Amino acid sequence: MAKIKTTFFCQNCGAESPKWIGKCPSCQQWNTFVEEVVQKTAAKEQWAAPNMQANKIHPKRISEIELGEQHRIDTQNEELNRVLGGGLVPGSIVLLGGEPGIGKSTLLLQVALQMKNQKVLYVSGEESEQQIRMRAERLNMTMSETFVLTETNTQRIAQAIKLIQPTVLIVDSIQTIHTEHIESSAGSISQIRESAGEFHKYAKLSNTPVLLIGHITKDGSLAGPKILEHMVDSVLHFEGDRNYDYRILRSVKNRFGSTSELGIYEMQNTGLRQVSNPSEILLSHRDQMLSGIAIGSTMEGMRPMLIEIQALVSTAAYGTPQRSTTGFDSRRLNMLLAVLEKRAGFRLGSKDVFVNVAGGIKVDDPAIDLAVVCAILSSNEDIEINDKTCFAAEVGLSGEIRSVNRIEQRITEAEKLGFERIIISKFNQKAIPKSGKIEVIAVNKVEDVFKYVFA
Ligand code: TYD
Ligand code: MG
């Protein structure tokens with residue numbers, strides 16, 4: 001009988017060690033090594049279909065490689081298509097990560113049910129057939145041809161694949177899947193790696209796209225070995241605040257497209273609705289002007305969006321003033337406050353400052369700096385900013401107003417949404433589109449802005 005071989009794996013990063021060690025040499029975490037049995041039986045020909053014969057090894061010159069037309073499978077979901085770079089690439093493997101309850105299963109089930117001319121196999125290791133059917137009813141899409149399998153064993157999933165010959169495979173969640181080739185329990189590092197490896201092989205050999213759902217850990221990274229992210233072609237993150245209905249699909253890695261693309265959804269009673277005009281939802285509808293609110297322009301992927309920045313400045317109740325942000329980098333806020341203090345002479349050192357990006361989204365585009373600054377001052381002075389004014393500029397350390405990218409698109413978007421005035425940097429002035437109803441105000445220094453805004 002073969003001797004049982006065990007190896008220690010770091011549960012944080014997947015590093016391997018023949019013996020137990022207290023501190024992982026690769027990710028520096030303590031007490032993360034766990035012993036796992038790795039008894040590999042010879043990998044069987046489980047994925048081999050007649051058309052999946054191993055090719056003869058034959059390296060080609062790069063000039064000899066023919067570029068077949070890059071065919072993409074339309075997922076019938078525009079936001080997802082865009083994030084993927086134009087649709088699903090045959091033979092690609094996509095990993096969708098996100099917090100529990102954010103809507104990963106809903107998104108992929110919805111996509112499975114909507115896809116036209118595709119035979120989709122939806123494998124779930126998390127929910128029962130009845131639950132999936134109930135969800136489909138909720139989505140009002142029970143007439144679909146999608147196949148559902150509740151199974152966690154890769155060998156049996158492979159049998160189902162042979163039987164059905166799907167053109168798209170969805171696996172809800174890789175953490176619940178286990179392969180017989182390895183003896184550790186489902187969800188462990190070596191199981192995830194091995195099972196994902198098998199799906200990878202299947203995707204490449206059969207040219208079928210595979211969508212894997214993955215759990216994420218407390219700190220927001222994908223659970224399982226780092227190698228999982230290397231193995232797949234695209235990594236998508238589905239994020240959002242649970243208290244809000246908006247969900248953002250972000251591409252973190254994409255071998256077939258840009259990683260700056262972004263899809264926006266709204267979770268409704270009947271599933272996820274695609275939001276094709278994000279500005280509309282991110283601007284709250286108010287009847288009266290309020291102080292502490294400024295509208296900033298941000299680029300999410302290739303799309304400009306206008307978002308509402310809310311600030312509250314009040315006298316600190318305790319000795320140390322608080323600075324708190326949601327959706328905005330707090331170090332950046334500290335920097336902007338220092339600039340205001342030093343360059344514009346505002347005394348905010350003894351004030352509590354709270355900044356909030358409306359809609360529960362996170363923004364790291366520096367172009368909203370000016371909106372943040374103006375929202376803070378608006379609250380501090382208790383003077384409201386005209387709600388037909390918006391901002392698109394970065395603020396530098398010396399209080400200078402810096403240019404931002406894609407200014408034409410930002411201006412066009414602001415105009416489309418009915419804004420009458422946009423404040424930008426002098427250095428962006430060249431790029432301004434000529435014809436336009438919107439008034440474009442170009443400024444040089446933070447102090448100049450106040451003349452226009454709080455006049
Ligand atoms: P789910 O897809 O199960 O999340 P995940 O797979 O990421 O864990 O999403 C579950 C949440 O979505 C749940 O709280 C209920 C809600 N939901 C709706 O609001 N509307 C719907 O139509 C559906 C199907 C779910
Ligand atoms: Mg789920």
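Of the 15 residues that surround ligand 1, those that come nearest are G101, S105, T106, Q268 and G271. The structure described here is a predicted model, and the contacts below should be read in that light. Oxygen atoms of the ligand lie at short range from polar backbone atoms of the residues listed here, with the distance given for each.

| Residue offering a polar backbone atom | Distance to an oxygen atom of ligand 1 |
|---|---|
| G103 | 3.0 Å |
| N269 | 2.9 Å |
| G271 | 2.7 Å |

G271 thus appears both among the residues that come nearest to ligand 1 and in the table, where its polar backbone atom is 2.7 Å from a ligand oxygen atom.

Two of the residues near the ligand, S105 and T106, also take part in a helix contact, since together with L109 and L113 of α2 they meet I132, R135 and A136 of α3. By class, this contact between α2 and α3 has four nonpolar residues, two polar ones and one charged one. Helix α2 spans residues 104-114 and helix α3 residues 129-138, and the two pack at an angle of about 75 degrees with their axes 11 Å apart, which makes α2 roughly perpendicular to α3.

Elsewhere in the chain, seven strands form an open sheet of mixed pairing, in the order β15-β16-β14-β13-β17-β20-β21. Strands β15 (323-326) and β21 (439-443) stand at the edges, and because each has a single partner strand, one side of each is left without a neighbour in the sheet. Averaged over the sheet and with direction ignored, neighbouring strands are turned by 25 degrees against each other. At the β21 edge, strand β20 (residues 421-425) runs parallel to β21 and is joined to it by five bridges, with I424 standing opposite A442 of β21.

Two helices are associated with this sheet. Helix α8 (residues 330-343) packs on the sheet and touches β15 and β16 (351-357), its direction making about 130 degrees with that of β15. Helix α9 (residues 369-381) lies across β13 (293-300), β14 (303-315), β16, β17 (389-392) and β20, and runs at about 30 degrees to β14.

Two local backbone features remain to be noted. The peptide bond from D172 to S173 is cis, with omega near -15 degrees, and S173 lies in the loop between β7 (168-172) and α5 (189-206). Q76, although not a glycine, has a positive phi of about 65 degrees, and this residue lies in the loop between β3 (33-37) and α1 (78-84).

How values were computed
Residues numbered from 1 in each chain as written. Chains lettered and ligands numbered in written order. Predicted model: local features only at pLDDT ≥ 70, side-chain atom pairs only at ≥ 80, totals over all residues. Heavy atoms only, no water. Axes fitted to C-alpha atoms, helices over the stretch in contact; angles between N-to-C directions. Helix = DSSP H or I, 4+ residues; strand = E, 2+ residues; numbered from the N terminus. Parallel < 35°, antiparallel > 145°, perpendicular 65-115°, else oblique. Contact = heavy atoms within 4.5 Å. Nonpolar A, V, L, I, M, F, W, Y, C, P; charged D, E, K, R; others polar. Pairing = 2+ DSSP bridges. Near = heavy atom within 4 Å. Polar contact = N/O pair within 3.5 Å; in protein donor to acceptor, adjacent residues only side chain to side chain.
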